[in-house]
Amino acid sequence: MEISIHSKTFLLSFLFILSQPLSFLVSQACHSVDRQALLHFKRNIISDPSKLLHSWSPSSDCCSAWEGVVCDSSSGRVVKLSRPGLSGDNDFILDTYMSGSLSPFLGNLSSLQLLDLSNLKNLKGPIPPEFGKLSNLTHLFLDTNKLTGSIPWTFQYVFRLEKLYLGNNDMSGSVPNSVFEAVSSLLELGLSGNRFSGPIPNSIGNLVLLTKLELQGNKFSGTIPTSIGKLKSLTYLDLSQNRIGGRLPQSIGGLSELVLLYLNHNKITGAIPSSISGLASLRFCQLSENKLTGTLPASLGQLPKIERLIFENNRLSGKLPATIGHLTTLTDIFFANNHFSGMIPSSFGNLHILQTLDLSKNRLSGQIPPQLAKLQMLQTLDLSSNPLRLLGIPSWFSKFKLFRLLLAKTGVKGQLPMWLSSSSISILDLSGNALAGKLPHWIGNMTNLSFLNLSNNAFHSSIPAEFKNLSLLMDLDLHSNKFSGPLDSILSKQSQDPLGQFNSIDLSNNMFTGPIDEHIGEEPAMASIKSIILSSNKLTGTIPKQLLDLKDLQELNLSKNQLHGVIPPHKASFPTSAFMDNPGLCGAPLPPCNHS
């Protein structure tokens with residue numbers, strides 16, 4: 001029988017396939033060098049509670065049977081090793097740890113491209129210098145462990161590295177200059193939360209592809225290198241919580257792609273450079289807790305995308321530039337605790353999506369511009385500790401929809417304005433002013449209040465019964481006024497369990513009278529209170545045992561009243577000073593009572 005041409009072709013092809021090595025049909029088995037390297041790493045692990053390495057059996061193929069290991073199908077060499085302590089998807093998240101150390105034999109994985117041993121929490125010891133042999137490595141994640149030692153100088157040979165994360169360990173020493181000179185392929189570098197010290201190498205300017213630089217929470221010193229301006233692709237820069245000093249380099253204005261800039265908690269001096277206007281993509285700028293001086297540059301008003309400016313706790317001075325009013329994308333301004341002076345610019349009224357305006361603890365004066373009434377998104381207004389010399393709280397404040405209003409130590413006089421009764425304010429601080437009169441009955445309408453501070457004013461008379469309606473109030477400070485009458489309206493106020501239970505009460509230096517309710521411990525609002533200050537009043541009667549038995553009470557002061565009798569036995573440890581200057585009071589911690 002004659003065989004057709006097609007059949008002959010098929011038969012020859014089949015015979016050819018059979019004559020080839022088995023590798024033509026299946027992936028190569030795990031390379032012996034890589035197998036030994038991985039088994040050596042496993043031997044260095046002394047605890048693996050979630051059995052991340054359980055499948056790593058010497059009797060099985062590391063390419064096909066070992067979890068977390070991926071091999072190249074043609075060579076059988078390991079290209080990915082991923083055993084992080086935190087992994088999962090939307091349905092299940094694994095959060096575990098491994099204890100042990102990094103094996104130097106991992107340096108023999110010559111084809112390795114990705115190594116992820118992050119979030120294992122308990123890997124200890126140094127990074128072996130043999131890791132410098134991983135010349136094909138592009139991704140190295142060893143963050144959130146307990147690694148020590150310094151960055152090996154051999155990392156300069158890992159020249160293909162694109163992402164390097166060593167954050168949240170206990171590493172130290174300086175960053176080798178040679179590493180930054182050689183590894184120009186880096187896209188992301190994370191060294192945060194260690195003890196690295198010394199200057200940031202000037203060679204960082206060689207990392208021209210870098211998009212993310214996280215160095216926060218270390219001990220870096222010196223100045224920010226001018227070469228940082230060469231990192232034109234940088235979008236995220238965090239150098240916060242270090243010991244960096246010197247001035248901000250003008251070159252920082254060249255980072256046109258930068259979105260987040262965090263330089264807070266350092267020792268940076270001098271003025272903010274006018275080149276800051278070059279940060280055309282900047283959305284978040286945090287320069288707080290430094291030693292910055294000088295005036296804010298007018299060019300600050302040229303940041304087209306800025307959302308948050310956080311400059312608090314510096315030594316900045318001069319007038320606030322009106323150009324800030326051009327920043328219509330701003331949601332938050334934190335300029336507290338500086339030396340700013342002059343008036344608040346009326347142009348701030350143009351910041352139509354502003355949510356927070358904190359100008360507290362400065363030297364601002366003059367009229368608050370009524371143009372601010374246009375800030376209908378404003379939730380927090382803090383002008384405290386400025387010599388504004390307000391005759392009263394401006395009536396146009398009623399147009400705000402504030403959550404927090406803080407005008408402490410601003411010279412406010414007169415009485416509380418009635419528009420407060422229809423406001424939704426939760427946090428109200430008017431302390432240290434010259435407010436006077438009675439606490440109005442409509443205070444009971446301010447049912448959103450959670451924090452109220454009217455201390456150091458000249459209020460008088462008793463607390464109105466409507467005060468009981470403040471069912472969300474948790475912190476109350478009325479000290480140093482001339483309030484009088486009983487405490488009942490305060491201590492027996494309503495609460496919305498667990499909201500509205502008192503955290504702290506300070507009624508000291510007033511003229512409150514009468515006894516403390518013996519059933520105080522049964523009042524829902526008192527169930528979790530931590531601090532009660534009632535000193536320097538005219539309280540009489542005995543100390544209720546329920547008061548001293550309040551389970552969370554940590555601070556108590558009943559001194560300088562007219563209390564008498566035996567101090568009830570109590571488990572809490574209150575100092576003698578908490579009970580002093582009550583002529584009829586006796587018993588521990590005061591001297592024992594005289595029963596003769």
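In which sense do β38 and strand β40 (residues 538–539) pair, and over how many bridges? The two pair in the parallel sense, over two bridges. Two strands count as paired if DSSP finds at least two bridges between them, and the strands themselves are DSSP runs (E, at least two residues), as helices are (H or I, at least four), numbered from the N terminus. This is a predicted model, in which local features need pLDDT of at least 70 and side-chain atom pairs count only at pLDDT 80 or more, while totals for chains, interfaces and linings use all residues. Residues are numbered from 1 along each chain as its sequence is written, and side-chain values use heavy atoms, with hydrogens and water left out.

To follow the pairing residue by residue, start at G514, whose bridge partner in β40 is L539. Strand β38 (residues 511–514) is also joined by two bridges to strand β36 (residues 482–485), and these two run parallel. Here G485 has F512 in β38 as its bridge partner.

Another group of strands involves lower residue numbers. An open sheet is formed by four strands in the order β1-β6-β8-β10, with mixed pairing. At its edges are β1 (45–47) and β10 (146–147), each of which pairs on one side only. Within this sheet, strand β8 (residues 121–125) pairs with β10 in the parallel sense, over two bridges. G125 stands opposite L147 in β10. In a regular strand the side chains alternate between the two faces of the sheet.

Next comes the interior. In soluble globular proteins, nonpolar side chains tend to be buried together. A nonpolar core is defined as a set of buried Ala, Val, Leu, Ile, Met, Phe, Trp, Tyr and Cys residues joined through side-chain atoms within 4.5 Å. Buried means under 20% relative accessible area, exposed means over 50%, and partly exposed lies in between (1.4 Å probe, protein chains only). The largest nonpolar core of this model has 164 residues, and I490 and F579 have the most contacts inside it. Two or more residues each come from α2 (32–43), β2 (69–71), β3 (78–82), α3 (177–182), α4 (488–491) and α5 (545–548). Of these, α2 gives the most, with four residues.

What does I490 touch, not counting residues up to four places away in sequence? With contact taken as heavy atoms within 4.5 Å, I490 touches I463, F467, L476, L478, F502, I505, L507 and F512. F512 has already appeared as the bridge partner of G485.

W442 gives another view of burial. This residue lies in the loop between β32 (434–438) and β33 (451–453). W442 counts as buried because its relative accessible area is 14%. Leaving aside neighbours within four places in sequence, W442 is in contact with L416, P417, M418, L420 and S421. Of these, M418 is 24 residues from W442 along the chain, and the C-alpha atoms of the two are separated by 7.7 Å.

The model also contains empty space. A cavity is a set of points on a 1 Å grid over the protein atoms alone where a 1.4 Å probe fits but cannot get out; its lining residues have an atom within 4 Å of a point. Grid points are joined across faces, edges and corners, and the volume is the space filled by probe spheres set on the points. There are two cavities of 30 Å³ or more. The largest holds about 70 Å³, and its lining includes I151, F155 and L161. The second largest has a volume of about 50 Å³, and among its lining residues are L248, I252 and P273.

Some details of the backbone remain. Most residues other than glycine have a negative phi, and most peptide bonds are trans. D497 and P498 are joined by a cis peptide bond, with omega about 0°; P498 lies in the loop between α4 and β37 (504–506). The peptide bond from A588 to P589 is cis too, with omega near 10°, and P589 is in the segment after β43 (584–586). N337, which is not a glycine, has a positive phi near 55°. This residue lies in the loop between β24 (332–334) and β25 (339–342), and N337 counts as partly exposed because its relative accessibility is 36%. K361, also not a glycine, has a positive phi of about 55° and lies in the loop between β26 (356–358) and β27 (363–364).

Conventions. 1 Å grid on protein atoms, 1.4 Å probe; cavity = no way out; pocket = protein on both sides within 12 Å on 5 of 7 lines; lining within 4 Å.
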